[in-house]
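Me: Could you go through this model with me, setting each value against the definition behind it?

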Number of protein chains: 2
Amino acid sequence: MPEATVARLPVYLRALNALAETGRTTVSSEALATASGVGSAKLRKDLSHLGSYGTRGVGYDVQELVFHISRALGLGQRWSVVLVGVGNLGQALAGYGGFDDRGFRIAALLDADPARTGELVAGLPIRLLSDLADVVRDEGVSIGLIATPAAGAQDVCDRLVACGVRSILNFAPTVLQVPEDVDVRRVDLSNELQILSFHEHRKAAEAEVVPA
Amino acid sequence: MPEATVARLPVYLRALNALAETGRTTVSSEALATASGVGSAKLRKDLSHLGSYGTRGVGYDVQELVFHISRALGLGQRWSVVLVGVGNLGQALAGYGGFDDRGFRIAALLDADPARTGELVAGLPIRLLSDLADVVRDEGVSIGLIATPAAGAQDVCDRLVACGVRSILNFAPTVLQVPEDVDVRRVDLSNELQILSFHEHRKAAEAEVVPA
DNA sequence: GTTTGTGAAAGGATTCACAGCA
DNA sequence: TGCTGTGAATCCTTTCACAAAC
């Protein structure tokens with residue numbers, strides 16, 4: 001399965017869930033593509049990697065597609081995640097409601113600062129970073145979220161890897177060095193803004209050369 | 001300039017700034033590539049789109065590269081952004097320290113809930129969503145951040161576009177429909193987790209077929 | 001008639017490998 | 001000798017366009 005396809009499956013899944021809530025039972029590639037912000041040919045090619053679940057002349061059964069995409073994404077089971085770094089952003093992530101209903105469960109909140117141990121955030125007590133190995137073992141954690149400042153992120157990452165965590169979502173503004181069997185995905189606000197800046201800058205330059 | 005290259009320039013920029021802080025004045029493509037988590041050939045090809053600023057046998061001058069990448073990204077000017085939706089996530093974004101020093105300035109915080117008007121968050125008063133047009137005009141806003149619940153995101157997006165904002169960073173878990181001259185970038189936590197889930201699932205399946 | 005699934009073509013991005021320069 | 005810059009080759013992704021199926 002192409003990586004580009006994998007990255008789009010969650011988008012389709014969300015669009016399908018929204019459709020299901022409106023009572024729709026079937027959907028064409030054209031309609032689902034529009035709702036997902038892609039072209040219909042791309043959508044069909046993506047779905048073809050899952051198997052042949054459409055009906056020619058009709059479209060796709062919404063529930064059936066939800067099932068097959070969920071299965072492909074490995075959402076049949078609940079994944080336990082550990083969140084390290086309960087600062088500004090970490091608290092917002094802990095309070096984010098979209099975890100439970102999408103198959104993810106926050107097993108624990110960890111922070112390096114002993115002064116915060118025991119504090120309740122989103123109903124969970126903050127524990128010490130040094131409890132990491134216990135948490136990962138006892139709770140069956142397979143995904144780590146890093147929401148620490150940049151300076152501490154690599155250390156946290158190394159600890160996660162040492163505990164056997166091989167999937168990491170990194171919100172710290174730094175590039176993590178990991179063994180090749182570990183997947184890291186980065187979410188970086190400044191990066192995104194700077195990419196927008198590039199395009200905005202380009203648009204402004206074009207507007208100047210070709211004035212209205 | 002290839003889009004894939006644009007998306008990596010902010011990463012290089014951050015790595016270069018980190019190097020500058022350690023006192024390094026020059027860097028090879030190999031070293032910068034490692035710090036950025038990419039291959040050296042890819043890095044050199046990316047930088048070649050900016051011009052020829054390296055010295056064979058030596059490497060790149062750190063400050064000079066910072067300058068050229070910043071210029072290419074349009075970071076010579078300060079961009080004003082407006083943040084709409086001051087909930088859980090919105091507050092975390094408002095409190096994020098990385099705006100100012102990277103050339104972005106939060107011009108205003110807006111929320112649709114009148115009960116929150118006037119409340120101070122990160123030193124800024126929350127204003128009503130209906131003030132949007134005034135804010136965009138008076139503050140010269142060119143980038144919009146949407147941190148509302150999914151249900152309100154498209155409406156906010158439409159308002160931003162109507163005010164002339166053509167660059168949007170969307171944190172709401174929904175796909176926005178916009179005219180083609182508007183750039184939207186999406187940051188979606190569940191999407192990222194689901195992509196990790198896919199890979200974790202695949203790794204688990206492989207480990208079963210080929211047991212250690 | 002409508003819509004899927006998919007070969008084939010086109011377009012991008014990455015990697016290779018080395019000429020050219022310091 | 002060391003490292004950049006870049007054509008050429010490879011790989012991946014998207015788009016086209018249509019036969020097959022309903």
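**Core, DNA surface and interface**

Reply: The largest nonpolar core holds 88 residues, and those with the most contacts inside it are Leu16(A), Ile69(A), Leu145(A), Leu16(B), Ile69(B) and Leu145(B). This is a predicted model, in which local features need pLDDT of at least 70 and side-chain atom pairs count only at pLDDT 80 or more, while totals for chains, interfaces and linings use all residues. Side-chain values use heavy atoms, with hydrogens and water left out.

Me: Why is this called a nonpolar core?

Reply: Because the term stands for a set of buried Ala, Val, Leu, Ile, Met, Phe, Trp, Tyr and Cys residues joined through side-chain atoms within 4.5 Å, where buried means under 20% relative accessible area with a 1.4 Å probe and protein chains only.

Me: What makes Arg56(A) a polar contact of DNA strand D?

Reply: A polar contact is a pair of N or O atoms within 3.5 Å, and an N or O atom in the side chain of Arg56(A) is 2.8 Å from a base nitrogen of the strand, so the pair meets the cut-off. For Arg56(B) the partner is a base oxygen, at 2.9 Å, and a polar side-chain atom of Ser52(B) lies 3.3 Å from a phosphate oxygen.

Me: How do you know how much area is buried between chain B and chain A?

Reply: Buried area is the accessible area (1.4 Å probe) that two parts lose on being put together, summed over both, and here that is about 5,600 Å², with carbon and sulfur atoms giving 62%. Leu189(B), Gln194(B) and Leu196(B) supply 12% of the area that chain B buries against chain A, more than any other three residues.

Note on methods. Residues are numbered from 1 along each chain as its sequence is written. Chains are lettered from A and ligands numbered from 1 in the order in which they are written. Buried means under 20% relative accessible area, exposed over 50%, partly exposed in between (1.4 Å probe, protein chains only). A polar contact is a pair of N or O atoms within 3.5 Å; within protein, one must be able to donate a hydrogen and the other to accept it, and residues adjacent in sequence count only if both atoms are side-chain atoms.
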